[in-house]
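Me: Could you take a close look at a single part of this predicted model for me? I'd like one connected walk through it, starting from a single residue and its surroundings.

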Amino acid sequence: MMADNQHAASGSPPQSDKDDFNAHDSLVDGLAVVSVSGSVDMLTAPGLAEAIDSALANEPKGLIVDLTKVEFLGSAGISVLMKTRDNLGESTPFCVVADGPATHRPLTLLGINELMHLSRRLDDAISKLTDR
């Protein structure tokens, strides 16, 4: 039991499978919003990429990836966000919603907030992208 606690405290993802991951998209004011929950790690990051691709297929005015319900964001998930930013370039406004130690903290520690728009609340992200 103690090994499990030490494992979780080290910042490793909780021991789970793909069943705790969920991503779905919706349209808000012409913006695609991909809402994600659970753990985004090397097993589930392809699901995040698929959800983003699906949302972008509708040619929205902008893209928001909402990570407020994400419990763990691994390097594979961060890589998906960076590839999305690179693919969109300046053509499509892009924002990530991240609040809390599992999402906001790693993104800011890595300096990702300097490379893409980062908001703590979905409403703020919508405002940021619709006010452009």
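Reply: Leaving aside residues up to four places away in sequence, Ser-26 touches Leu-31, Ala-32 and Val-33. Keep in mind as you look that this is a predicted model. Ser-26 itself sits in strand 1, which covers residues 22-28. Its relative accessibility is 32%, and because values between 20% and 50% count as partly exposed, Ser-26 falls into that class. If you follow the chain further, Ala-55 lies 29 residues from Ser-26 in sequence, yet their C-alpha atoms are separated by 7.7 Å.

From there, you can turn to helix 2, made of residues 45-56, where you will find Glu-50. Glu-50 has a relative accessibility of 58%, so this residue counts as exposed. For another distance across the chain, try Glu-50 and Ala-23: they are 27 residues apart along the chain, and 9.1 Å separates their C-alpha atoms.

To finish, here is the pocket side of the picture. The largest pocket has a volume of about 200 Å³. It is lined by 12 residues, and those closest to its centre are Arg-85, Gly-89, Glu-90, Phe-94 and His-117. Helix 3, spanning residues 75-88, gives the most to this lining, with 3 residues. Sorted by class, the lining of the largest pocket holds 5 nonpolar, 3 polar and 4 charged residues.

Notes
Residues numbered from 1 in each chain as written. Predicted model: local features only at pLDDT ≥ 70, side-chain atom pairs only at ≥ 80, totals over all residues. Heavy atoms only, no water. 1 Å grid on protein atoms, 1.4 Å probe; cavity = no way out; pocket = protein on both sides within 12 Å on 5 of 7 lines; lining within 4 Å. Points joined across faces, edges and corners; volume = space filled by probe spheres on them. Helix = DSSP H or I, 4+ residues; strand = E, 2+ residues; numbered from the N terminus. Nonpolar A, V, L, I, M, F, W, Y, C, P; charged D, E, K, R; others polar. Buried < 20%, exposed > 50% of the residue type's maximum accessible area, 1.4 Å probe, protein only. Contact = heavy atoms within 4.5 Å.
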